[in-house]
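User: Please take a close look at one part of this model for me, the place where helices pack against one another. Then lead me outward from there, in words that a first-year student can follow.

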Amino acid sequence: MYDVLIIGAGPGGIFAAYELMEKNPKMKIAVFEMGHELKKRHCPIDGEKIKSCIHCKSCSIMSGFGGAGAFSDGKYNITNDFGGTLYQYIGKKVALELMEYVDMINLKYGGEGTKLYSTAGTSIKKTCMQNGLHLLDASVRHLGTDINYIVLDNLYAHLKDKVEFLFDCTVDSVEKIDNGYRVCTADGDAYEGCKCIISAGRSGSKWMEKVCKDLNIQTKSNRVDIGVRVELPSEIFSHLTDELYESKIVYRTEKYEDLVRTFCMNPKGAVVNENTNGIVTVNGHSYEDPARQTGNTNFALLVAKHFSEPFKDSNGYGESIARLSNMLGGGVIVQRFGDLVRGQRSTEKRIAESFTVPTLNAAAGDLSLVLPKRILDGIIEMIYALDKVAPGTANDDTLLYGVEVKFYNMEVEVDKNLMTCHEGLYVIGDGSGITHSLSHASASGVYVARQIAK
Ligand SMILES: Cc1cc2nc3c(=O)[nH]c(=O)nc-3n(C[C@H](O)[C@H](O)[C@H](O)COP(=O)(O)OP(=O)(O)OC[C@H]3O[C@@H](n4cnc5c(N)ncnc54)[C@H](O)[C@@H]3O)c2cc1C
């Protein structure tokens, strides 16, 4: 009998385990993770022998110790303005304090010396407003992919003898028993614990739906964000990225009054593939180490799609669009902005002649055959709006990779302690639909650990 069973070793699960050990080192805790331990996580795509996703049994980019964030850019946004709605459950002040606490732990375990950027007092906010753009407030700790890995490695070294980690161990079901919960794994083993924390992230979204159905936990879902990843020479955005690193800018389109936003900005970074439930989409990251940086900056432009009754399957809608790009391009499609606005597909030759050298080997193609008109129109409008604050954004050679989809997990019904209708069963992190970021997911782990330790 364990005191606490934790499902998922992403930031939510790791920080829950860390805080439980801080508060009560005598607790007996097991962490179940369907992916590998950190050192064994390798994506087989090497750009030479293996050029595109081969759909491994467990995706090393999304699963394993460190979760989806292990090879991310390690941007910890300390804000209630984006990254999740944790504050709606625990209050803005507590949420910010927890994000600051997580930042302190990250610094203690290897992040010391990394830079904290802030929008406070920046003149860029005014320039944005003058051009119909809105810059959101935040402090951003940029660990970088390399330091992020070191922090995770150090956290694992700190926890591995205190907590029982079970890697390559997929949890099949969670059952309520008299004095707690029973977790059954795909290998047929069963573990029992007084409390259970589920932190299954985005890769566990379908499984989470099943758990909620089995245990009669209410859920709701009706949002998906769809768009492209933009890649351009880093000089074009340097006045923004040098000061803010990541700028979250929102634009309301004139035509449909849709909101388009920048997301996950990676100065001098690289564009990468992402695999969600077998569908290849695009993402980006960058390194803190100058030797590993590129000459390009990339960021996503996403249009939020909220659906109303009777349609309920917002993620299914996003998946269908991503599948179209996979069907046409075998994976991610890349197109020059100039080709897109002229209504012509990009060819390998045109991409090779482009002054912006792509950092991801994607199939040259036509995004207008993939993205719905309303979404594409919104993206084009925003690129022209950004061109006013960062001239050169609308250059012909700006590269657009598609599609980028931000799937939102359905929102699981939990109370102010992030506990479900079942006493002692908590749902945290991105799997709860409440958080969508490293800092919020980690903060939710600390929060629940403190509730349990109390
Ligand atoms: C390429 C990339 C870059 C990103 N960059 C950033 C960034 O810079 N800043 C930012 O704030 N966010 C970023 N994100 C998002 C961020 O990684 C997530 O918000 C964060 O990891 C969520 O943490 P989590 O613990 O809730 O879930 P996850 O990190 O997804 O972890 C969940 C874990 O649960 C495991 N799991 C799921 N189901 C089961 C099961 N049934 N049994 C056992 N284990 C299971 C999974 O294998 C996974 O390891 C990025 C994401 C990606 C993919």
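Analyst: Let's begin with helix 3 and helix 12, whose axes come within 9 Å and cross at roughly 100 degrees. Helices (H or I, at least four residues) and strands (E, at least two) are DSSP runs numbered from the N terminus. An axis is a line fitted to C-alpha atoms, for a helix over the stretch in contact, and the angle runs from 0 to 180 degrees between N-to-C directions. Helix 3 and helix 12 are therefore roughly perpendicular to each other; that label covers 65 to 115 degrees, while under 35 is roughly parallel, over 145 roughly antiparallel and the rest oblique.

On the helix 3 side, the contact is made by Ala 95, Leu 98, Met 99, Tyr 101 and Val 102. Helix 12 answers with Ser 439, Ser 442, Ala 443, Val 446 and Tyr 447. Two residues are in contact if their C-beta atoms, placed from the backbone, lie within 7 Å. Sorted by class, the contact of helix 3 with helix 12 has eight nonpolar, two polar and no charged residues. Here Ala, Val, Leu, Ile, Met, Phe, Trp, Tyr, Cys and Pro count as nonpolar, Asp, Glu, Lys and Arg as charged, and the others, Gly among them, as polar.

A word on the background: this is a predicted model, in which local features need pLDDT of at least 70 and side-chain atom pairs count only at pLDDT 80 or more, while totals for chains, interfaces and linings use all residues. Residues are numbered from 1 along each chain as its sequence is written.

Helix 3 (residues 92-111) also meets helix 5 (residues 144-159), and their axes cross at roughly 90 degrees, coming within 8 Å. Helix 3 and helix 5 are therefore roughly perpendicular to each other. From helix 3 come Asn 106, Tyr 109, Gly 110 and Gly 111, and from helix 5 come Ile 147, Ile 150, Val 151, Asn 154 and Leu 155. By class, the contact of helix 3 with helix 5 holds five nonpolar, four polar and no charged residues.

Ile 147 leads us on to Glu 288, a residue in the loop between strand 16 and strand 17 (296-306). Setting aside its neighbours within four places in sequence, Glu 288 is in contact with Thr 114, His 142, Leu 143, Gly 144, Asp 146 and Ile 147. The C-alpha atoms of Glu 288 and Thr 114 are separated by 8.3 Å, although these residues are 174 residues apart along the chain. Glu 288 counts as buried because 20 C-beta neighbours lie inside 10 Å. The rule is that 20 or more other C-beta atoms within 10 Å make a residue buried, 12 or fewer make it exposed, and anything in between makes it partly exposed, with C-beta atoms placed from the backbone.

Helix 12 (438-453) has another role to notice: it is among the elements that each supply at least two residues of the shell around the ligand, along with helix 1 (11-23), strand 3 (75-78) and strand 16 (279-285). In total, 43 residues surround the ligand, and the closest are Gly 10, Gly 67, Gly 201, Gly 204 and Gly 429. A residue is near a molecule or strand if its C-beta atom, placed from the backbone, lies within 6 Å of it. The shell has 12 nonpolar, 25 polar and six charged residues.

Strand 3 in turn borders a loop, running from strand 2 (29-32), that contains His 55. His 55 is not a glycine, yet its phi is positive, at about 55 degrees. His 55 is exposed, with 10 other C-beta atoms within 10 Å.

Asp 168, in the loop between strand 7 (164-166) and strand 8 (171-177), has a positive phi near 50 degrees and is also a residue other than glycine. Asp 168 counts as partly exposed, with 17 C-beta neighbours inside 10 Å.

One more helix rounds off the walk. Leu 376 lies in helix 11 and is buried, with 20 other C-beta atoms within 10 Å. Beyond its neighbours within four places in sequence, Leu 376 is in contact with Leu 367, Ser 368 and Leu 371. Leu 376 and Gly 227 are 149 residues apart in sequence, and their C-alpha atoms are 7.7 Å apart in space.
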